[in-house]
Amino acid sequence: NMRPPLYDWSVAVTSMLLSGISGASITDVTGYVLVMSTPFWSALTIIPLYMITRAAFGNRAGLLASLLFALMPGNITRSVIGDADHDAMILFFVVLSLYFLFRALMSMKGTKWVSDWRDRKTIRPGIRTYLDTNKRSLLYAMLGGVCVLTIAMIWTGYTYLLIIIVVY
């Protein structure tokens with residue numbers, strides 16, 4: 001069961017950095033990094049979960065969703081050393097990418113930029129109008145794309161997220 005290189009690279013860099021700071025052996029520090037990566041990413045997932053739920057349903061729903069997620073034992077009980085699991089990191093980037101997708105769709109202005117797709121003279125100005133009026137939406141879409149690319153580098157099953165996005 002091989003992990004993709006991005007995950008191994010991030011563990012190696014973090015281990016070397018913490019080993020240099022603490023003076024502990026690289027083997028000990030690597031063990032701690034692997035054990036603590038799951039609770040770290042699980043706790044970090046609360047932030048984009050709160051943001052997406054608050055944007056969709058309000059502040060109270062965001063707080064409730066974050067609380068329920070924080071109380072889920074499945075997020076923190078499994079570690080990389082015990083189950084060879086890096087799902088917490090993947091879930092963080094999945095929720096963050098869905099948040100950016102939601103924000104991109106919510107901040108998009110206008111509905112019809114090209115008046116007639118069969119007329120080539122209206123396509124270029126229509127696309128330019130879209131790009132000029134939706135800079136914030138495009139920025140959110142790019143950030144979501146970076147999150148999806150990060151998931152693709154970590155997890156070989158990233159196509160599940162792509163299917164969810166396409167169906168949505």
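A residue is called buried when its relative accessible area is under 20%, exposed when that area is over 50%, and partly exposed in between. In the predicted model described here, buried residues make up 32% of the 168 residues of the protein chain.

## Overall architecture

The protein chain contains 9 helices and 0 strands. Read from the N terminus, its elements follow the order α-α-α-α-α-α-α-α-α. Contacts can also be sorted by how far apart the partners lie in sequence. Among the contacts between residues at least 6 apart in sequence, 63% join residues that are at least 24 apart.

## The largest nonpolar core

In soluble globular proteins, nonpolar side chains tend to be buried together. In this model, the largest nonpolar core has 19 residues, and Trp 41, Phe 93, Phe 100 and Ile 151 touch the most other members. Helices α2, α6 and α8 (135-154) each supply at least two residues of this core. Its largest share, 11 residues, comes from α6.

Phe 93 may serve as an example of the contacts made by a core residue. Leaving aside the neighbours within four places in sequence, Phe 93 is in contact with Trp 41, Cys 147, Thr 150, Ile 151 and Ile 154. Two of the names in that list, Trp 41 and Ile 151, also appear among the core residues that touch the most other members.

Thr 45 offers a further view of the interior. This residue lies in helix α2. Thr 45 counts as buried because its relative accessible area is 1%, and the cut-off for burial is under 20%. With neighbours within four places in sequence left aside, the contacts of Thr 45 are Phe 69, Ala 88, Leu 91, Phe 92 and Val 95.

## The largest pocket

Rolling a probe the size of a water molecule over the atoms shows where empty space is left. The largest pocket in this model holds about 150 Å³ of space. It is lined by 10 residues, of which Thr 14, Val 33, Ser 37, Phe 40 and Trp 41 are the closest to its centre. Trp 41 thus has a place in the lining of the pocket and also in the largest nonpolar core.

Which helices each supply at least two residues of the lining of the largest pocket? They are α1 (5-22) and α2 (26-57). Helix α2 gives the most to this lining, with 5 residues. By chemical character, the lining divides into 7 nonpolar residues, 3 polar residues and no charged residues.

## Ser 107, a buried loop residue

Ser 107 is located in the loop between α6 (87-106) and α7 (120-133). Is Ser 107 buried or exposed? Its relative accessible area is 18%, and therefore Ser 107 counts as buried, the limit being under 20%. The side chain of Ser 107 reaches the backbone oxygen of Arg 103 at a distance of 2.8 Å. Apart from neighbours within four places in sequence, Ser 107 is in contact with Asn 134, Arg 136, Ser 137 and Tyr 140.

## Residues outside the buried class

Four further residues illustrate the exposed and partly exposed classes. Met 16 is placed in helix α1, and Arg 124 is found in helix α7. Met 16 is exposed because its relative accessible area is 52%, where the exposed class begins over 50%. Arg 124 counts as exposed as well, at 61% relative accessibility.

Thr 159 belongs to helix α9, which covers residues 159-167. With a relative accessible area of 38%, Thr 159 is partly exposed. Ser 25 lies in the loop between α1 and α2. Ser 25 is likewise partly exposed, with a value of 36%.

For each of these four residues, the table sets a separation along the chain beside a separation in space, taken from C-alpha to C-alpha.

| Pair | Separation in sequence | C-alpha to C-alpha distance |
|---|---|---|
| Met 16 and Ile 26 | 10 residues | 6.6 Å |
| Ser 25 and Ser 15 | 10 residues | 9.4 Å |
| Arg 124 and Trp 113 | 11 residues | 9.9 Å |
| Thr 159 and Val 148 | 11 residues | 9.6 Å |

## Summary

The predicted model presents a chain of 9 helices and 0 strands. Helix α6 provides the largest share of the largest nonpolar core, while helix α2 gives the most to the lining of the largest pocket.

Methods. Residues are numbered from 1 along each chain as its sequence is written. This is a predicted model: local features need pLDDT of at least 70, side-chain atom pairs count only at pLDDT 80 or more; totals for chains, interfaces and linings use all residues. Side-chain values use heavy atoms; hydrogens and water are left out. On a 1 Å grid over the protein atoms alone, a cavity is a set of points where a 1.4 Å probe fits but cannot get out, and a pocket is an open set with protein on both sides within 12 Å along at least five of seven lines; lining residues have an atom within 4 Å of a point. Grid points are joined across faces, edges and corners, and a volume is the space filled by probe spheres set on the points. Helices (H or I, at least four residues) and strands (E, at least two) are DSSP runs, numbered from the N terminus. Ala, Val, Leu, Ile, Met, Phe, Trp, Tyr, Cys and Pro count as nonpolar, Asp, Glu, Lys and Arg as charged, and the others, Gly among them, as polar. Buried means under 20% relative accessible area, exposed over 50%, partly exposed in between (1.4 Å probe, protein chains only). A polar contact is a pair of N or O atoms within 3.5 Å; within protein, one must be able to donate a hydrogen and the other to accept it, and residues adjacent in sequence count only if both atoms are side-chain atoms. Contact means heavy atoms within 4.5 Å. A nonpolar core is a set of buried Ala, Val, Leu, Ile, Met, Phe, Trp, Tyr and Cys residues joined through side-chain atoms within 4.5 Å.
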